[in-house]
Amino acid sequence: MTQNDYENLGSKMKELRIRNDLTQAEVAAALDVTPGYISNVENNRTAMSLRILVYYAKLLNLSLDALIGTIDSEYQNTALDREIMGELSEMDPDDKKKLLQTIRLWKKA
């Protein structure tokens with residue numbers, strides 16, 4: 001993470017929480033922490049442990065990669081690539097062929 005990403009970590013986490021229509025109290029209850037802890041994270045007074053960060057990602061229905069990509073601009077492309085690959089892995093071969101054809105047509109445009 002760049003220094004700028006670290007300085008904005010809390011505000012980005014707050015933005016994600018609000019975007020998901022969650023209160024600090026709801027997040028705290030789901031993560032088994034105090035609302036004060038969530039406030040401290042959002043105000044950059046403390047950082048989440050990796051364990052809590054994993055639970056936070058699950059709460060927001062994100063992979064940890066997607067969450068980190070949302071927070072860390074340098075990691076964003078890698079996270080997006082992994083998310084796309086995850087979706088692809090669940091597709092049947094015929095749908096993959098159709099998607100590939102669509103991508104090729106889109107690139108020509």
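In the predicted model, Asn 61 lies in the loop between α4 (50–59) and α5 (64–71). The backbone at Asn 61 adopts a positive phi of about 55°, although this residue is not a glycine. Such a value deserves attention because most residues other than glycine have a negative phi. The relative accessible area of Asn 61 is 71%, and the residue is therefore exposed, given that exposed means over 50%.

A positive phi also occurs at Asp 32, where the angle is about 60° although Asp 32, too, is not a glycine. Asp 32 is found in the loop between α2 and α3, and with a relative accessible area of 73% this residue is likewise exposed.

The two helices on either side of that loop, α2 (residues 24–31) and α3 (residues 35–42), pack against each other at an angle of about 110°, and their axes are 8 Å apart. Because angles of 65 to 115 degrees count as roughly perpendicular, α2 and α3 are described as roughly perpendicular to each other. The crossing that the two helices form is right-handed. On the side of α2, the contact is made by Gln 24, Ala 25, Val 27, Ala 28 and Leu 31, while α3 contributes Pro 35, Ile 38, Ser 39 and Glu 42. When these residues are sorted by class, the contact of α2 with α3 comprises 6 nonpolar, 2 polar and 1 charged residues.

Within this contact, Pro 35 may be considered in further detail. Pro 35 is found in helix α3, and its relative accessible area of 40% makes it partly exposed, a class that falls between the limits of 20% for buried and 50% for exposed. Once neighbours within four places in sequence are left aside, Pro 35 is in contact with Gln 24, Ala 25 and Ala 28. With regard to Gln 24, the separation from Pro 35 amounts to 11 residues in sequence, whereas the distance in space, taken from C-alpha to C-alpha, is 5.5 Å.

For the protein as a whole, the secondary structure consists of 7 helices and 0 strands, so that the order of elements from the N terminus on reads α-α-α-α-α-α-α. Of its 109 residues, 24% count as buried. The protein exposes about 7,600 Å², and carbon and sulfur atoms supply 53% of this area. Among the contacts in the protein with a separation of 6 or more, 43% are accounted for by residues that stand 24 or more positions apart.

Methods: Residues numbered from 1 in each chain as written. Predicted model: local features only at pLDDT ≥ 70, side-chain atom pairs only at ≥ 80, totals over all residues. Heavy atoms only, no water. Axes fitted to C-alpha atoms, helices over the stretch in contact; angles between N-to-C directions. Helix = DSSP H or I, 4+ residues; strand = E, 2+ residues; numbered from the N terminus. Parallel < 35°, antiparallel > 145°, perpendicular 65-115°, else oblique. Left-handed = near helix turned anticlockwise from the far one by under 90°. Contact = heavy atoms within 4.5 Å. Nonpolar A, V, L, I, M, F, W, Y, C, P; charged D, E, K, R; others polar. Buried < 20%, exposed > 50% of the residue type's maximum accessible area, 1.4 Å probe, protein only. Areas by Shrake-Rupley, 256 points an atom, 1.4 Å probe, with all protein chains shown as cover.
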